[in-house]
Protein chains: 2
Amino acid sequence: MPLEALRYDLTPTGLHYVLTHFDIPNIDPERWRLQIRGSVLRRVELSLNEIRLLPAVRMPVTLECAGNGRSRLTPRPRSQPWIEEACSTAVWTGVPLKTVLAQAGPHPETVEVVFWGADHGIQDGHAHTYGRSLDPEHAMRPEILLAYEMNGRPLEPQHGAPLRLVVPGWYGMASVKWLTSIEAIEEPFKGFQQSVAYRYQREENDPGSPVTAIRPRALMVPPGIPETFSRRRRVDSGRVSLTGRAWSGTGSIVRVEVGIDGVWHDADLGEQMGEFTWRGWSFDWDARTGDHVLSCRATDAEGEVQPLEQPWNFQGMGNNTVQTVHVCVV
Amino acid sequence: MPLEALRYDLTPTGLHYVLTHFDIPNIDPERWRLQIRGSVLRRVELSLNEIRLLPAVRMPVTLECAGNGRSRLTPRPRSQPWIEEACSTAVWTGVPLKTVLAQAGPHPETVEVVFWGADHGIQDGHAHTYGRSLDPEHAMRPEILLAYEMNGRPLEPQHGAPLRLVVPGWYGMASVKWLTSIEAIEEPFKGFQQSVAYRYQREENDPGSPVTAIRPRALMVPPGIPETFSRRRRVDSGRVSLTGRAWSGTGSIVRVEVGIDGVWHDADLGEQMGEFTWRGWSFDWDARTGDHVLSCRATDAEGEVQPLEQPWNFQGMGNNTVQTVHVCVV
């Protein structure tokens, strides 16, 4: 999502960031079925039409890729070289996961609920199908959706058609696309994308800790006009309305500060569309001729604040270092 | 557009490739007007509603970025590092340009018709608004559209909302997005994106020749499954249906060949949706265990054939060297 698209409350569908590990699967929605299986009282199989007949929820959610900010780490970790553009907000329509789980009735011995996608490939020598798990308590939370519409239209192929999981507040790896089955298991899940990928590791052999909730981040719409290749900005002097968005999966946004050449000022906070969406902010800047460095920094209700510097991690995950925008005022 | 999306006759809107030189402009469609001005009998100003009331045309068109294939040149020229994914097909709805030009009545002295977008920025030190021209005869061709819908919906911001030009058969730089005015001029157009950018140059100081029609290209849906980082493919042995698309702006596609380890075979050609769209092709391959290099090569009715090697050019334009896909059959 190019950062000027922070101007939209809802990201246009085709600008919503996309991260795929493998190819976008080719699924015929007429023949597709969702299976709920494993350690359950009743094995359940549902068609898309059957899922659409269940009571639906419509909810705006800000999603962010766990690798967002990766390119700001030195040396740059392998994988998608996001700068800061892998964040977006959409309205998702679907069925609460708990509704469907209740039909199957997971056994009390269930320790994890695994979500399997249709995407399949090889990563670091391991051929596998994309799968991720949640603990049963988390899986029963009311905000977790099995979504079949995005911004009022059937899911586009790249966003997980015909059905995907949406886990508000967590980085995007948890929101499994192209869902084919949900499996209750009685042992911890050891899938590649859970136990090897998406971990905070100091170095390659560090088992690390799992990537979970979205860390707080504020971003600004870069002001002025860009230079095509460097993306440096030229801004006319005078009053400039700086605007942007801030979000966090660990608590509500309670403060956004704007840094002008290292001096911090409180920004005005706007309304928030929903519990799991970004919040607008704005700050009027009196731009004087010369080069300046602008930044912004979010704080959430849990007291989590964006860092000015980030310790490097092997997979380049969760880098929420404050954004810096270099501008030349003329 | 990830190449597995070659499977769709029409590229889903959010998978259609996008190239922007500057920021996506923020345009209020209610206040937006199109002006037709310059060397004309009658200066014309049209609102979006007025344009929507004119007789409309609906047409599928394959577009391709002039820089597609750039990353396959060594050394890699500066600018968007496309491999081969900057090509897509959409159905565009709009008014023939000639309908609107006729309202204004260009003077006989007109030598070029210039299309101005709303996008503005700096490239190689030149602050400018994106603009491109066509000669008057080309501008009056019936297939050239002022489009306000893509795949049956209003244009998304990144695709030129509220109105864009669509020039079928030419590389995408001609299909100016976010149109604000059309200007008939009596001298050759010297705009940056016409006289400096989008030229075939042997080296930086070569004035070069303009980039115009799309050169022939065939691409295949990469078979099998990918490795996340290398995108190398693993394919199961046995009969593999290789499929893809081919297109050309210089003539209809009359032949597609598939190369298996350098030996060429004729592929079967499919139907074509329209005069300016890609054409499907398929070839059954008996895949034997081991490493193989697959390729495909298009020929058009004018006898233009994709090259196996391409002379380097400074801007990395129009590189239609045949695609090669490395697969390991197991």
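Trainee: Into which domains is chain A divided?
Mentor: In this predicted model, chain A is divided into domain 1, residues 3–210, and domain 2, residues 217–329. Their C-alpha centres lie 28 Å apart.

Trainee: How many residues does each domain give to the contact?
Mentor: Domain 1 of chain A gives 30 residues and domain 2 of chain A gives 24. On the side of domain 1 that touches domain 2, the elements giving two or more residues are strand 3 (57–64) and strand 11 (199–200) of chain A. Strand 3 of chain A has the largest share of that side, with four residues.

Trainee: And what classes of residue are on that side of domain 1?
Mentor: The side of domain 1 of chain A that touches domain 2 has 12 nonpolar, seven polar and 11 charged residues.

Trainee: Let us turn to the whole chain. How many helices and strands are there in chain A?
Mentor: Chain A has four helices and 22 strands. Its C-alpha atoms fill a box of roughly 70 × 45 × 35 Å along the principal axes.

Trainee: What radius of gyration does chain A have, and what would a compact globule have?
Mentor: Chain A has a radius of gyration of 21 Å. A compact globule of 330 residues would have one near 20 Å, so the value for chain A agrees. Buried residues make up 45% of the 330 residues in chain A.

Trainee: What share of the contacts joins residues at least 24 apart?
Mentor: The share is 73%, counted among contacts in chain A between residues at least 6 apart in sequence.

Trainee: Which residues touch the most other members of the largest nonpolar core?
Mentor: They are A:Trp92, A:Leu145, A:Leu146, A:Tyr171, A:Leu179, A:Ala246 and A:Val256, in a core of 79 residues. This core draws at least three residues from each of domain 1 and domain 2 of chain A.

Trainee: What does A:Val256 touch?
Mentor: Leaving aside residues up to four places away in sequence, A:Val256 touches A:Ala218, A:Ala246, A:Ala267, A:Leu269, A:Trp281, A:Cys296, A:Arg297 and A:Ala298. There is also a second, separate core of 77 residues, which includes B:Ala5, B:Cys87, B:Ile182 and B:Trp281.

Trainee: That brings in chain B. What turn lays chain A on chain B?
Mentor: A turn of 180° with a shift of 0.0 Å along the axis lays chain A on chain B, with an RMSD of 0.0 Å. The two copies are therefore related as by a two-fold rotation axis. In chain A, the C-alpha nearest the axis belongs to A:Gly14 and is 1.8 Å from it.

Trainee: How many residues does each chain bring to the contact?
Mentor: Chain A and chain B each bring 27 residues. Strand 5 (112–123) and strand 14 (225–226) of chain A are the elements that give two or more residues to the side of chain A that touches chain B. Strand 5 of chain A gives the most, with four residues. That side has 11 nonpolar, nine polar and seven charged residues.

Trainee: Why can one say that the copies meet through the same surface?
Mentor: The reason is that 100% of the interface residues of chain A are also interface residues in chain B.

Trainee: One last residue: where is A:Gly251?
Mentor: A:Gly251 is in the loop between strand 16 (238–247) and strand 17 (253–260) of chain A. Not counting residues up to four places away in sequence, A:Gly251 touches A:Asp300, A:Ala301, A:Glu302 and A:Glu304.

Trainee: Why is A:Gly251 called partly exposed?
Mentor: A:Gly251 has 15 other C-beta atoms within 10 Å. A residue counts as buried at 20 or more and as exposed at 12 or fewer, so a count in between is called partly exposed.

Notes:
Residues numbered from 1 in each chain as written. Chains lettered and ligands numbered in written order. Predicted model: local features only at pLDDT ≥ 70, side-chain atom pairs only at ≥ 80, totals over all residues. Contact = placed C-beta atoms within 7 Å. Nonpolar A, V, L, I, M, F, W, Y, C, P; charged D, E, K, R; others polar. Rg over C-alpha atoms; globule rule 2.2 N^0.38 Å. Domains from an automatic or database assignment. Core = buried A, V, L, I, M, F, W, Y, C linked by C-beta atoms within 7 Å. Least-squares fit on C-alpha atoms with pLDDT ≥ 70 in both.
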